[in-house]
Amino acid sequence: MELYWQQLPQQLVNGLTLGGVYALIAIGYTMVYGILGMLNFAHGEVYMIGGFTGWWVLHLLTRNNEILMNAALVIALMLIIAMGVSGLVGIMAERLAYRPLRNAPRMNLLLSALGVSIFLQNLILTYQGAKVRTFHIASLIPESFRVFHIGSTVFSFMRTLVIAVTFLLMALLTILIKKTKVGKAMRATAQDIEAAAFMGVDVDRIVVLVFLIGSALGGAAGTLVGLLFTQVDYYVGFQAGLKGFTAAVLGGIGSIYGAMLGGILLGLTESLAVTFLPAAYKDVVAFVILITVLIVRPWGLVGERIPEKV
Amino acid sequence: MKKTIHVSLFLAAVVCLSGLAHSAPVSKGIHVGNAGAFTGDAAAPCNEIFNSAQIAVDEWNARGGIQGVKIEHVMGDDAMDPAQGVNVAHKFVADDLMYGVVGPPMSHIAQATLKIYGSADLVTITTAASKPELTEQGYKHFFRVNARNDAHGWNSALFIKNYLKAKRVAVLNEKVAYCENMSKETLAGLEKLGITDIMQETIVGGAKDYSPVLTKVKAFKPDVLFFIATTAPDQAIGVRQAKELGIDAVFFGTEGARDKKDFIEASEGAAQGAYVYHFAPDIYSIPEAADYVRKYENQYGVLSGFGPPAYEAMNILLSAIDKAAQDGDISRKEVLQYVSQTHGYQGILGFPITFDPKGDLAGGATYFFQVEGQDFKPITVMTGQ
């Protein structure tokens, strides 16, 4: 039993990092669902493109394994540019593939999203190849700075950074939605898109904004994971998308706080499951919890129980 | 009744012909075949095999051939297609002066042609087909100078016990057939060697994050972490995250990790001192191979690793034909018998070659390397003992 307790703090750190990333991805799913009622299956690919963009920025700012400027600046640039590119991809997908179908049956939108996902994955496969790209992060953080210990628990600099950035981004999003006029418009649109339009909300702009924010967060997650696990390839979006979607459903799809909670819970569940059970059961446990939650509370942990609109 | 007589006469004729046709005086000529995919996607390694065997043939001919008769090396291209492989086999079998074949290097083509070569007692020595079942079907003519897939597990267990001196071992394996089998064979080997403090866990290939399962490994405090994943990028993540978590066990990776760019470079220092196993030797480190390497590079260019076993296989085959030819004539049966008697043959692969009764390389051969700087340093070779 002692064997379990001593790994527990470390597993919490592992789970929290992974969970933060899941949460960032889940937010993108949930925001779009909240407003358009569609599942944006291309979101995993937006995350993957964020990872590739981060890799390119790092690659272009590195010469002979030495970065060309301050490490903090490089990381900031990676994140900002990745968020920008992913945000742009999200907006373009909305404009070209979803908006023309907004009044069509839901199924058409879903299929269109699937098409965008396949298109983006193959686009990257064509132009970047199937080979895994490695983030050379050694030059970003000096050796002595890379890991530190609290008790027997190991914190790496990158893990701390990922946790800090995810929570910062989530806090900023909360403020935006709670305290600003745009946030109010977003909430109104999510509640009833037609009524919001009657009240003078520019619904099209809000939808674009939602895609921009959701995709940018997905892009940030892609780059953060790249910094943390040091690799990206054209296929990472599939698994990440699946986990992000699961987290969104677990928390209650449509609810942003639900997505945050669902992501972190999913990350923690996975790492704790490995502690107590054979590692092969990791995903089994995660999905058993999901199914149980859906049976007991079909609207998710935090989601609202909305009566069917007639 | 008449029909039955016809059939039995025909059968008797076939039996007589097949029994008689394959013994001939040496002076009529000596052919050796080389079956492989000399065109198509695998053309590069297969041509390396052919050219390496050609070097051996040239050396024998330069020494005057066998009993003064020059040896003719015949190419049989199967283009990686079993149907064409069958045609090649029929062609070789029909050639009365054909006394042995190097190849086929691919397991699926070796499987498709087993029966054809087998019923004609024509020796085949493969240099790369590693599927274990090939030598489990009772055929006497099939030999290999490369190790079977399942030999690496036992050799790795020997390496862990005898070279790394481990007492506690953690084995992580990906959930795919090759890795699971490797893990199973290694665990059985460790148990046989008396190592019982073992932890075994599974990982998912391409998952990019192994920290939860590695945290579990850390709590187990093993001496050696055997990380059985298919690809080099996954191994790089494994070694990096193990270091990051402060696991001080020796990291031991699979043949997939023998990749300078995607393992050593990609792990940015974390792989220093790590070990990997591989099925092919570092031919440049074996003194006996220097002459062959020089000849190959002068005539054909860069050597990748498929050539050396083919040079070895052809020499073993020609030695057997040479013995069979001592009395002035050669039969396929004689050649087969001499090849099967190969014992402790010292060639260029860095260890003596002996065929076991199934035709497998006795003990197999697994090579071990350690990461040093930006390269893999050859450490040792294990051959089942």
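Which residues does Ala37(B) touch, not counting residues up to four places away in sequence? In this predicted model, Ala37(B) touches Ala42(B), Ala43(B), Cys46(B), Asp78(B), Ala79(B), Met80(B) and Met106(B). The residue lies in the loop of chain B that runs between β2 (30–36) and α2 (43–62). With 25 other C-beta atoms within 10 Å, Ala37(B) counts as buried, because the cut-off for a buried residue is 20 or more. Ile71(B) is 34 residues away from Ala37(B) in sequence, and the C-alpha atoms of the two are 22 Å apart in space.

Chain B as a whole contains 12 helices and 14 strands. The C-alpha trace of this chain spans about 80 × 55 × 40 Å along its principal axes. The radius of gyration of chain B is 23 Å, which agrees with the value near 21 Å for a compact globule of 385 residues. Of these 385 residues, 49% count as buried. When contacts in chain B with a separation of 6 or more are considered, 69% of them are accounted for by residues 24 or more positions apart.

Two further loop positions in chain B have backbone geometry that calls for comment. Most residues other than glycine have a negative phi, and most peptide bonds are trans. The peptide bond from Gly103(B) to Pro104(B) is cis, and its omega is near -15°. Pro104(B) belongs to the loop between β4 (98–102) and α4 (107–119) of chain B. Lys208(B), although not a glycine, has a positive phi of about 70°. The loop that holds Lys208(B) connects β8 and α7 of chain B. Lys208(B) is buried, since 21 other C-beta atoms lie within 10 Å.

The contact between the chains involves 22 residues of chain B and 25 residues of chain A. On the chain B side, β8 (197–203), α7 (211–220) and α8 (232–244) each supply at least two residues. The element that gives the most to this side is α7(B), with six residues. By residue class, the side of chain B that touches chain A divides into eight nonpolar, five polar and nine charged residues.

Chain A has 11 helices and six strands. Its radius of gyration is 20 Å, close to the 19 Å given by the globule rule for 310 residues, so chain A is as compact as a globular protein of that length. The C-alpha trace of chain A spans about 60 × 50 × 40 Å along its principal axes. Buried residues make up 48% of the 310 residues of chain A. Among contacts in this chain between residues at least 6 apart in sequence, 79% join residues at least 24 apart.

Two helix pairs in chain A were examined. In the first pair, the axes of α2 (residues 43–60) and α8 (residues 203–229) of chain A come within 7 Å and cross at roughly 50°. The helices α2(A) and α8(A) are therefore oblique to each other. The crossing in which α2(A) passes α8(A) is right-handed. On α2(A), the contact includes His43(A), Val46(A), Tyr47(A), Gly50(A), Gly51(A), Gly54(A) and Trp55(A). On α8(A), the residues met include Ser215(A), Gly218(A), Gly219(A), Gly222(A), Val225(A) and Gly226(A). The residues of this contact divide into eight nonpolar, 11 polar and no charged, where the polar class has Gly among its members.

In the second pair, helix α1 (residues 2–36) and helix α5 (residues 157–179) of chain A pack at an angle of about 35°, and their axes are 9 Å apart. Here α1(A) passes α5(A) in a left-handed crossing. The contact is made on α1(A) by residues including Val13(A), Leu16(A), Gly20(A), Leu24(A) and Ile27(A), and on α5(A) by residues including Arg159(A), Val162(A), Phe167(A), Met170(A) and Leu173(A). The residues of the contact of α1(A) with α5(A) divide into 12 nonpolar, three polar and one charged.

One loop position in chain A also has a positive phi. Asn64(A), a residue other than glycine, has a phi near 50°. Asn64(A) sits in the loop between β1 (62–63) and β2 (66–67) of chain A. With 5 other C-beta atoms within 10 Å, Asn64(A) is exposed, whereas Lys208(B) is buried.

Conventions:
Residues numbered from 1 in each chain as written. Chains lettered and ligands numbered in written order. Predicted model: local features only at pLDDT ≥ 70, side-chain atom pairs only at ≥ 80, totals over all residues. Axes fitted to C-alpha atoms, helices over the stretch in contact; angles between N-to-C directions. Helix = DSSP H or I, 4+ residues; strand = E, 2+ residues; numbered from the N terminus. Parallel < 35°, antiparallel > 145°, perpendicular 65-115°, else oblique. Left-handed = near helix turned anticlockwise from the far one by under 90°. Contact = placed C-beta atoms within 7 Å. Rg over C-alpha atoms; globule rule 2.2 N^0.38 Å. Buried ≥ 20, exposed ≤ 12 C-beta atoms within 10 Å, placed from the backbone.
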